[in-house]
Amino acid sequence: MPGIELSKCVLITGATAGIGRALAYAIRQLPNKPQVIATGRRQDRLDELAKDGFETYKLDVGADRATLQKTVEELLARYPDLDTVILNAGVQREFDFRKEIDLDKLEYEMKINYNSTVILTTYFLPHLLKLGSLGRQTFLVPVTSGLAILPAPRVPNYSASKAAVHSFALSLQAQLAGTGVNVLEIIPPLVESELHDAEGTTEALSKIWMPLEEFVPIATRGLVAGTPHIVVGRSESMWDKFEKGKDEIVAQLFKA
Ligand SMILES: NC(=O)c1ccc[n+]([C@@H]2O[C@H](COP(=O)([O-])OP(=O)(O)OC[C@H]3O[C@@H](n4cnc5c(N)ncnc54)[C@H](OP(=O)(O)O)[C@@H]3O)[C@@H](O)[C@H]2O)c1
C-alpha cells in the first residue's frame, strides 16, 4: 500500500504537544524529508516549533465552519503541495452520569474530537481528490484510540467520540478506495502526553502509559507502510477480538 514516504507536505493538527508534536519530529526525518506544518492553538508552543524549523499555523479546530473553511483555503493557497493531513487534535474529559453532567463540556468534547475531524475532512478532500486524479497519492490520517473499540466508562463521551471517528474512517476508506486518497487510521493505546492533565490523572496514568519514544516509531512505520489501521500496543488485543475483518465487510457493503 502507498504510505507517507511519498508525502511532500504534511499538516498535523494538535502538534503543540504529545503525539502530534512527536509525530511531527519523526515525520520530518523520513528519507523523503517532507515539509511539516505544525498547528495548534498555543502560540508559545508554535513559536518553539517555528524556531526548530517547522512551518506553523495557528488553528483552533473548534472554530466555526466558516472560519475552518477559510483556514483550509488559506493553507492550500500557501501550501499547494499539501498531500497529507493528520487529524490528531483531541481532548478527553471524565463524566459520571450518576451525577450532574455539564452538557456544554460534553458537546465541546464531541465537537473537537468528532465534528472537527469530519468538517476538516470535508474541506480538505476536494484538494486531495484533485491531486489523486493527477496520479499523486495523498493521505488522511485520523487519530482514534483503543477506546474507540472498547469504551472506558470513566470517559464515556470521549470513547463514543473516538468510536464515531473510527466508524467514519471505515466508511471513508470504502468510499475513497481507488481515488488516490488513502485513509490511515492510527489507533493508539494509552500513551505519554498531556491529554490527562485536565482531569488530574496524569501522574497515575504515567505509570502504565506507553512512552512516546516507543509509540512514535511504531506509528510512523505504519504510516510509511500505508497500513489502513495502525493498531499499537494494547489496542491490538481489542482489535483482534472485536474489529478484525470489519473493514473488508464495510468495503463489500459499499460495493454491493
Ligand atoms: N495519549 C493517549 O493516551 C491517547 C490514546 C489514544 C488516543 N489519543 C489521541 O491522540 C490525539 C493526541 O492527543 P495527545 O495524547 O497527544 O494529547 P495532548 O498531549 O493533550 O495533545 C493534544 C493536542 O491537541 C491540541 N488541541 C486540543 N484542542 C484543540 C483545539 N480546539 N484546536 C486545535 N488543537 C487542539 C493541543 O494543542 P493546543 O492546546 O495548543 O491547541 C495539543 O497539541 C488525540 O486525538 C487523542 O484523543 C491519545
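How many aromatic pairs does the structure hold? The points below answer this and then turn to the strands, the cavity and a pocket.

1. Aromatic pairs. The structure, which is a predicted model, holds 2 aromatic pairs. A pair of aromatic rings is described by the distance of the centres and the angle of the planes. Both quantities are given for each pair in the next points.

2. The pair of tyrosine 25 and phenylalanine 54. The centres of these two rings lie 4.8 Å apart, and their planes stand at 80°, so the pair is edge-to-face. An angle over 60 degrees is what places a pair in that class. Tyrosine 25 belongs to helix α1 (residues 18–28), while phenylalanine 54 sits in the loop between α2 (43–51) and β3 (55–58); the pair therefore ties together parts that are 29 residues apart in sequence.

3. Buried or exposed surroundings of that pair. Tyrosine 25 has a relative accessibility of 30% and counts as partly exposed. Phenylalanine 54, by contrast, is buried, with a relative accessible area of 5%. The cut-off for buried is under 20% relative accessible area.

4. The pair of tyrosine 114 and phenylalanine 168. Here the ring centres are 6.4 Å apart and the planes are at 85°, so this pair is edge-to-face. Distant parts of the chain are linked by the pair, since tyrosine 114 is in helix α4 and phenylalanine 168 is in helix α5, 54 residues apart. Tyrosine 114 counts as partly exposed, at 24% relative accessibility.

5. Strand β4 and its side chains. Which way do the residues of strand β4 (residues 84–87) point? Thr84 and Ile86 point one way, Val85 and Leu87 point the other way, and all are buried.

6. The neighbours of β4. Strand β1 (residues 9–12) runs parallel to β4 and is joined to it by 3 bridges. Within this pairing, isoleucine 12 has isoleucine 86 of β4 as its bridge partner. Strand β5 (residues 138–142) also runs parallel to β4, with 4 bridges between the two. Valine 85 stands opposite leucine 140 in β5.

7. The crossover. The strands β4 and β5, together with helix α4, make a right-handed β-α-β unit. The reader may trace this unit in the structure by following β4, then α4, then β5.

8. The cavity. The structure contains 1 cavity of 30 Å³ or more, and the largest cavity has a volume of about 30 Å³. Its lining consists of Leu87, Asn88, Ala89, Asn113, Thr117, Val143, Lys162 and Val165. Two elements, α4 (103–133) and α5 (156–176), give two or more residues to this lining. By character, the lining residues divide into 4 nonpolar, 3 polar and 1 charged. Leu87, one of the lining residues, is also one of the buried residues of strand β4.

9. The second largest pocket. This pocket holds about 370 Å³ of space. Its lining is formed by 21 residues, of which Met1, Gln173, Ala174, Ala177 and Pro228 lie nearest the centre. At least two lining residues come from each of α5, β6 (181–183) and α9 (246–255). Helix α9 gives the most, with 6 residues. The lining of this pocket divides into 12 nonpolar, 6 polar and 3 charged residues.

10. Helix α5 across the points. Helix α5 carries phenylalanine 168 of an aromatic pair, gives two or more residues to the lining of the largest cavity, and supplies at least two residues to the lining of the second largest pocket.

Definitions and conventions
Residues are numbered from 1 along each chain as its sequence is written. This is a predicted model: local features need pLDDT of at least 70, side-chain atom pairs count only at pLDDT 80 or more; totals for chains, interfaces and linings use all residues. Side-chain values use heavy atoms; hydrogens and water are left out. On a 1 Å grid over the protein atoms alone, a cavity is a set of points where a 1.4 Å probe fits but cannot get out, and a pocket is an open set with protein on both sides within 12 Å along at least five of seven lines; lining residues have an atom within 4 Å of a point. Grid points are joined across faces, edges and corners, and a volume is the space filled by probe spheres set on the points. Ala, Val, Leu, Ile, Met, Phe, Trp, Tyr, Cys and Pro count as nonpolar, Asp, Glu, Lys and Arg as charged, and the others, Gly among them, as polar. Buried means under 20% relative accessible area, exposed over 50%, partly exposed in between (1.4 Å probe, protein chains only). Two strands pair if DSSP finds at least two bridges between them. A crossover is right-handed if, with the strands pointing away from the viewer, the path from the first strand over the helix to the second runs clockwise. Rings of Phe, Tyr and Trp (its six-membered ring) pair if their centres lie within 6.5 Å; planes under 30 degrees apart count as stacked, over 60 as edge-to-face and the rest as tilted.
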